[in-house]
Amino acid sequence: MKKLFTLIIFAILISCKENKPEVINIPKEVKPVVIEEFGFKLNDYKVINDTIKSGENFSEILDRHRIAYPKVLEIVNKIKDTFNVRKIKSGIPYTILAKNDSTQQAQVFIYQHSKVRYTVIDFKDSITTAYNGKKPVRKELKTASGIITNNLSQTMDDLGYSSYLTSKMADQIYAWTIDFSRLQKNDKFKIIYEQLYINDTVPVGIGEVKASFFEHGGKPFYAFQFVADTTLNIPDYFDDEANNLRRQFLKMPIQFGRLSSRYNLKRRIAFYGNKIRPHLGTDFAAPIGTPIMATANGVVTESRRKGGNGNYVKIRHNSTYSTQYLHMSKRAVKVGDVVKQGDVIGYIGMTGNTSGPHVCYRFWKNGKQVDPLKEELPAAEPMKEAIKPAYFKFIESLKNQLDAIEYPEISTEIITPQEELNS
């Protein structure tokens with residue numbers, strides 16, 4: 001009887017185990033990752049990335065993506081004030097957002113001027129729109145340092161730093177305080193600068209240099225970027241004693257070029273039959289398209305094309321000085337624009353009365369045209385005493401950061417020619 005009872009209990013347990021409901025694992029629904037770029041949800045489109053081919057035009061691109069010529073013509077006419085389709089360049093990437101169906105007809109054309117700037121042409125609805133945009137840029141402070149072994153450019157290149165930092169230091173920050181053609185071996189530098197990124201990790205260039213230190217001939221030269229004039233809101237570089245490192249005017253309005261004709265009140269001009277006519281400007285020759293820079297901070301008072309001047313820009317710097325830049329192929333500023341020293345205001349051309357590509361640089365002092373090469377040009381506006389306490393507080397942490405940056409080690413190991421060949 002006891003054995004029978006045990007068998008019954010065992011049978012019941014097996015039966016319960018066999019009848020236990022099976023657990024079914026239902027996979028969770030995976031939501032697609034939403035991808036957004038250029039202000040669009042890309043998941044909603046067929047995304048086509050391509051590059052403009054040599055000789056290819058806007059009409060051909062849209063035709064290939066099922067937009068008929070009458071519609072293309074309508075798009076071109078509606079967006080002409082925002083985007084000139086005739087100026088698209090080969091080698092520039094573009095993106096087509098097409099219908100996500102069997103037709104794959106284009107809905108949006110995006111022209112990518114650079115890694116940051118782009119133009120959107122949206123024709124998916126009855127109203128065609130065009131507008132410019134910029135990708136979000138993240139700034140991250142980086143440091144650089146080096147010891148001069150040959151020259152600044154070579155040292156920067158050897159250390160893998162951007163050539164932009166070289167030109168920034170030599171042509172802007174220390175252009176008036178250090179002669180970079182006479183650097184000495186073991187001169188040193190340290191920099192705190194902005195590295196720019198898009199998509200959080202893709203580097204797209206260098207931003208502002210926030211602070212720098214240069215030891216030249218054993219003497220220290222600090223430089224800190226600071227906005228001392230809150231009216232113009234233009235940053236300048238000052239040293240650790242609040243002295244402005246800049247002079248008020250650049251020596252010439254182009255970075256690379258040659259002095260082709262001086263200010264001369266008795267010059268004979270071939271264009272006017274070799275007659276004596278005063279030449280009230282200073283000519284700097286350079287290839288067409290060379291950038292022309294504002295030689296000082298100021299406000300644009302004229303930007304137009306007129307007679308023998310061709311395309312020109314005039315800038316008022318203060319109550320004493322104004323400058324004018326003639327014969328431009330293209331102007332890059334308009335009346336009322338605030339410009340800072342070194343800003344590109346136009347490009348070398350041959351408009352107006354000229355026999356070759358150059359910029360005629362004219363210089364006014366108290367309303368009278370003078371020779372800028374003979375003027376004792378003033379230093380830049382000094383920092384106001386009332387601002388100095390805020391400046392010294394501002395640079396305190398930057399100076400500590402600069403002082404803490406270490407220099408890279410320079411190898412003193414001597415390598416024989418044979419060892420170099422075998423390496």
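Trainee: What links Arg138, Glu140, Lys142 and Asp200?

Mentor: These four residues are connected by a network of salt bridges. The model is predicted, so local features need pLDDT of at least 70 and side-chain atom pairs count only at pLDDT 80 or more, while totals for chains, interfaces and linings use all residues. Residues are numbered from 1 along each chain as its sequence is written, and side-chain values use heavy atoms, with hydrogens and water left out.

Trainee: What makes Glu140 and Arg138 a salt bridge?

Mentor: The term requires a side-chain nitrogen of Lys or Arg within 4 Å of a carboxyl oxygen of Asp or Glu. In the pair of Glu140 and Arg138, the closest N and O atoms are 3.0 Å apart, so the criterion is met. A search of the whole structure finds 17 salt bridges.

Trainee: Why is Glu140 called partly exposed?

Mentor: Buried means under 20% relative accessible area, exposed over 50%, and partly exposed in between (1.4 Å probe, protein chains only). Glu140 has 27% relative accessibility, so the middle class applies. Arg138, at 30%, is also partly exposed.

Trainee: Is Glu56, in its salt bridge with Arg64, buried or exposed?

Mentor: Glu56 is buried, as its relative accessible area is 13%. Arg64 is partly exposed at 41%. The closest N and O atoms of Glu56 and Arg64 are 2.8 Å apart.

Trainee: How do you know that Arg246 and Asp236 form a salt bridge, and where in the chain do they lie?

Mentor: Their closest N and O atoms are 2.7 Å apart. The pair links distant parts of the chain: Asp236 belongs to strand β12 (236-238), while Arg246 is in the loop between β12 and β13 (258-261), 10 residues apart. Strands (E, at least two residues) and helices (H or I, at least four) are DSSP runs, numbered from the N terminus. Both Arg246 and Asp236 are buried.

Trainee: Which strands are called edge strands in the sheet β3-β4-β5-β6-β7?

Mentor: That sheet is open, has five strands and pairs antiparallel. The edge strands are β3 (45-51) and β7 (129-134), as each pairs on one side only. The twist averages 20° from one strand to the next.

Trainee: What makes β3 and β4 a pair?

Mentor: Two strands pair if DSSP finds at least two bridges between them. Seven bridges join β3 to β4 (residues 93-99), so the condition holds. Within this antiparallel pair, Val47 stands opposite Leu97 in β4.

Trainee: Why is the pair of Phe226 and Tyr391 called edge-to-face?

Mentor: Rings of Phe, Tyr and Trp (its six-membered ring) pair if their centres lie within 6.5 Å; planes under 30 degrees apart count as stacked, over 60 as edge-to-face and the rest as tilted. Of the 19 aromatic pairs in the structure, the pair of Phe226 and Tyr391 has 5.1 Å centre to centre and 70° between the planes, which means that it fits the edge-to-face class. Phe226 is in strand β11 (residues 219-226) and Tyr391 in helix α6 (residues 388-404), 165 residues apart. Both are buried, and together with Phe238, Phe392 and Phe394 they form one aromatic cluster.

Methods: Axes fitted to C-alpha atoms, helices over the stretch in contact; angles between N-to-C directions.
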